[in-house]
Amino acid sequence: MRKTSAALITVSLTALALTGCTAAPSFEGASCERATDSHVASLATVTGDLGTEPKVTLPTPVRINESSVSDLIVGEGRAVTTSDQLVALDVALYAGDSGELIVATEFNGDLSRLSNIDSWAQQIPGIATALECATEGSRIITGISPEDFGAEASAGFNLGKDESVVAVIDVLKVYLPHAEGSLEFNGALGLPTVVRAPDGRPGIIVPDADAPEELVVQTLIKGDGPVVTGDEPLRVHYTGVTWEGREVFDSSWDSNAKQFDLTSVIPGFAEGLKGQMVGSQVLIVIPPALGYGEQEQAGIPANSTLVFVVDILGTDSPAGQ
């Protein structure tokens, strides 16, 4: 990834508040309220439990001019509040003309199939819209117009150009979009300062001081999720800078959150995250001995002290679980 000046990042964030979590959920800044349509729920008879393949009967043909959505089951879990927030879904699609099943996921409880609204917007925009503000544990039915299903998807599934689609979506798991919890006071002098944009993206200000010789770990935001043991892969957002260069050498914030197995990362990174709680944001200052040592690594000079800010968004489940 191209290096970015930490100072420039800081300038862009100077007017932003140092906050933890917001009082009420919102989607991309707008009020997070589900606009449900009882008509679409009446289009189909849907039976079966959440997480099991639904049995769907449609009074064909179904003609949908404007896409709409209804929550058949309203989950009490976390809401989808950003377009890049990772979710685990089960999805079944039904042809509007015949009522037949077009395609479906396995509905076997697999939480390793992850997607987000951004990825669905490129494939089937109607599903992307249906996921806005949806909550974990919900079963959704959405009637998708030909326009919102997309010409490419319609052709790929051999549907008519003007054929509508009905989708049943189970929202099995929703990851955090960024760290959420209580702000923690850290009074140590001579350590980097972190500022945050509204979307949680951190900026790191490295002081004009000598780098610490020992590993430093500060919890900046304390989440209330499970404790990180290292037994399961973590899903995180992170930004890393070198102390000496004060430049970003790597960040996940311009793409999807990354998965890390703590048994296969540098020792300081693993030590800094073990014992933390999901939802936390952690500052980790890693001396060379617990980083890459005397080896240059992907543009990081030898004997570099590394500074990471890590948002712990959740743990990943193995495939099929």
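A patch of negative charge lies on the surface of this predicted model, formed by Glu28, Asp84, Asp118, Glu132 and Asp199. One of its members, Glu28, is found in the loop between strand S2 (26–27) and strand S3 (30–31).

Confidence varies along the chain. The average pLDDT is 89, and 91% of the residues score at least 70. Over residues 1–23, however, pLDDT stays under 50; for this segment the model has 43 contacts beyond four places in sequence.

Opposite charges are considered next. Side chains of opposite charge can pair when their charged atoms come close. The count of salt bridges in the model comes to seven. Among them is the pair of aspartate 97 and arginine 63, whose side chains meet with an N to O distance of 2.5 Å. This pair links distant parts of the chain, 34 residues apart: aspartate 97 belongs to the loop between strand S7 (87–95) and strand S8 (101–104), while arginine 63 belongs to the loop between strand S5 (55–57) and strand S6 (68–73).

Two backbone features are tabulated below.

| Site | Backbone value | Place |
|---|---|---|
| Threonine 60 to proline 61 | cis peptide bond, omega near -5 degrees | proline 61: loop between S5 and S6 |
| Cysteine 133 | phi near 70 degrees | loop between helix H4 (125–131) and strand S10 (139–144) |

The phi of cysteine 133 is a positive value in a residue other than glycine. Proline 61, which follows the cis peptide bond from threonine 60, has its place in the loop between S5 and S6, and arginine 63 of the salt bridge is also located in the loop between strand S5 (55–57) and strand S6 (68–73).

Terms used: Residues are numbered from 1 along each chain as its sequence is written. This is a predicted model: local features need pLDDT of at least 70, side-chain atom pairs count only at pLDDT 80 or more; totals for chains, interfaces and linings use all residues. Side-chain values use heavy atoms; hydrogens and water are left out. Patches are made of residues with over 30% relative accessible area and no salt bridge: like charges are joined within 9 Å, nonpolar side chains (Val, Leu, Ile, Met, Phe, Trp, Tyr) within 5 Å. Accessible areas come from the Shrake-Rupley method with a 1.4 Å probe; for residues, only the protein chains shown count as cover. A salt bridge is a side-chain nitrogen of Lys or Arg within 4 Å of a carboxyl oxygen of Asp or Glu. Lys and Arg count as positive and Asp and Glu as negative; His and the chain ends are not counted. The place of a charge is taken as NZ of Lys, CZ of Arg, CG of Asp or CD of Glu. Helices (H or I, at least four residues) and strands (E, at least two) are DSSP runs, numbered from the N terminus. pLDDT is the predictor's confidence in each residue, from 0 to 100. Contact means heavy atoms within 4.5 Å.
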